[in-house]
Amino acid sequence: MTARTVLITGGNRGIGYSMAEEFLAAGHRVAVTARSGSGPEGALTVHADVTDPSTIDQAFTVVEDKLGPVEVVVANAGITRDTLLMRMSDDDFTEVVDTNLTGAFRVVKRASKGFLRQRFGRIILVSSVVGLYGGAGQANYAASKAGLVGLARSITRELGARGITANVIAPGFIETDMTAELPAEQQAAYKKAIPAGRFATSQEVARVAVWLAGDDAGYISGAVIPVDGGLGMGH
Ligand SMILES: NC(=O)c1ccc[n+]([C@@H]2O[C@H](COP(=O)([O-])OP(=O)(O)OC[C@H]3O[C@@H](n4cnc5c(N)ncnc54)[C@H](OP(=O)(O)O)[C@@H]3O)[C@@H](O)[C@H]2O)c1
């Protein structure tokens, strides 16, 4: 296992926090971005808001100074603003796209500078089963998450020959603050529809990210890896 410098956005809670723990456990140097709070012990926490390019640049500079050039970037930060199409405002739509899709673009673009110099880089974008499956009341979120697939695949074509891979993880329902907000009946209905019959733990998603960043995944790029208990099969 080659130890890498890893930067994860939104690492103060949920899936990003678990990713930081799992990357640390695997022996990597780990930094997380946070708007508030911090990542797990052992990770460097830097401030960044993915809707603000200057904070992203500053965060990378701090990580590069303290841990060395970033070699693995995980664009994990994301939000939902669920509501039915007819009630969805322009702001509901653009805020979600600005955070989930444009935010990932900003982070990846900043990371790619160093990746090109190093002729090595691993880009991991956290999408969702909803990106390809769709979700009623989630036109904004699904559009932003589907966009990540086009982003990863275009990067793969553009930078694939420079030792850079770009892959998408598409989680299904994971036990985090995001799913805890769902009404109990909706949670029960989702569990019925999931072949595995349960939500995943955030560790089950995090370990896939660690594997994608590892030596064994060097020839995997442009892939969408579902971690959804079978919910999105065929999409
Ligand atoms: N939970 C699920 O079932 C599920 C399923 C599929 C995909 N996903 C995706 O997995 C990723 C993580 O989700 P989660 O469930 O862990 O969500 P979460 O518990 O709500 O955490 C979201 C993280 O994103 C950060 N974030 C949000 N907006 C940001 C911004 N503008 N700049 C920087 N950071 C920002 C949050 O920071 P603050 O604490 O500062 O708000 C937080 O750290 C998201 O992209 C989500 O869409 C989740």
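Ala, Val, Leu, Ile, Met, Phe, Trp, Tyr, Cys and Pro count here as nonpolar, Asp, Glu, Lys and Arg as charged, and the others, Gly among them, as polar. Keep that sorting in mind, as it comes back for each empty space below. One more thing before the tour: you're looking at a predicted model.

Let's begin with the packed parts. The largest nonpolar core is made of 29 residues, and F60, I123 and L125 have the most contacts inside it. Which elements give two or more residues to this core? The strands on that list are β3 (44–47), β4 (72–75), β5 (121–126) and β6 (164–171), and the helices are α2 (53–67), α3 (90–118) and α5 (139–159). With 6 residues, α5 provides the largest share.

Now zoom in on I123. Leaving out residues up to four places away in sequence, I123 touches V73, V108, S112, F115, I155, I164, T165, A166 and N167. Apart from this core there's another one, with 25 residues, including M19, A20, V205 and V208.

So much for the packing; what about the gaps? Rolling a probe the size of a water molecule over the atoms shows where empty space is left. The largest pocket holds about 1100 Å³ of space. It has 46 lining residues, and the closest to its centre are G78, I79, T80, Y141 and M178. Two or more lining residues come from each of α1 (14–25), β2 (29–34), α4 (129–133), α5, α6 (177–180) and α7 (184–193). Sort the lining by class and you get 17 nonpolar, 21 polar and 8 charged residues.

The second largest pocket has about 190 Å³ of space. Its lining consists of F105, V108, K109, S112, L151, S154, I155, E158 and L159. You've met some of these names already: V108, S112 and I155 are among the residues that I123 touches. Both α3 and α5 supply at least two residues of this lining, and the largest share, 5 residues, is from α5. By class, the lining splits into 5 nonpolar, 2 polar and 2 charged residues.

Next come the cavities. How many cavities of 30 Å³ or more does a search of the whole structure find? The search turns up 2. The largest cavity has a volume of about 50 Å³. Among its 13 lining residues, T9, A75, N76, A77 and A104 are the closest to its centre. Two elements, α3 and α5, give two or more residues to the lining of this cavity, and α3 gives the most, with 5 residues. Here's where the opening definition pays off again: 7 of the lining residues are nonpolar, 5 are polar and 1 is charged.

The second largest cavity contains about 40 Å³ of space. Around it you'll find L7, T9, T33, A48, V50, I56, A59, F60 and V107. Look for T9, which is also one of the residues closest to the centre of the largest cavity. F60 should ring a bell too, as one of the residues with the most contacts inside the largest nonpolar core. The helix α2 gives the most to the lining of the second largest cavity, with 3 residues. By class, this lining has 7 nonpolar and 2 polar residues, and no charged ones.

Methods: Residues numbered from 1 in each chain as written. Predicted model: local features only at pLDDT ≥ 70, side-chain atom pairs only at ≥ 80, totals over all residues. Heavy atoms only, no water. Core = buried A, V, L, I, M, F, W, Y, C linked by side-chain atoms within 4.5 Å. Buried < 20%, exposed > 50% of the residue type's maximum accessible area, 1.4 Å probe, protein only. Helix = DSSP H or I, 4+ residues; strand = E, 2+ residues; numbered from the N terminus. Contact = heavy atoms within 4.5 Å. 1 Å grid on protein atoms, 1.4 Å probe; cavity = no way out; pocket = protein on both sides within 12 Å on 5 of 7 lines; lining within 4 Å. Points joined across faces, edges and corners; volume = space filled by probe spheres on them.
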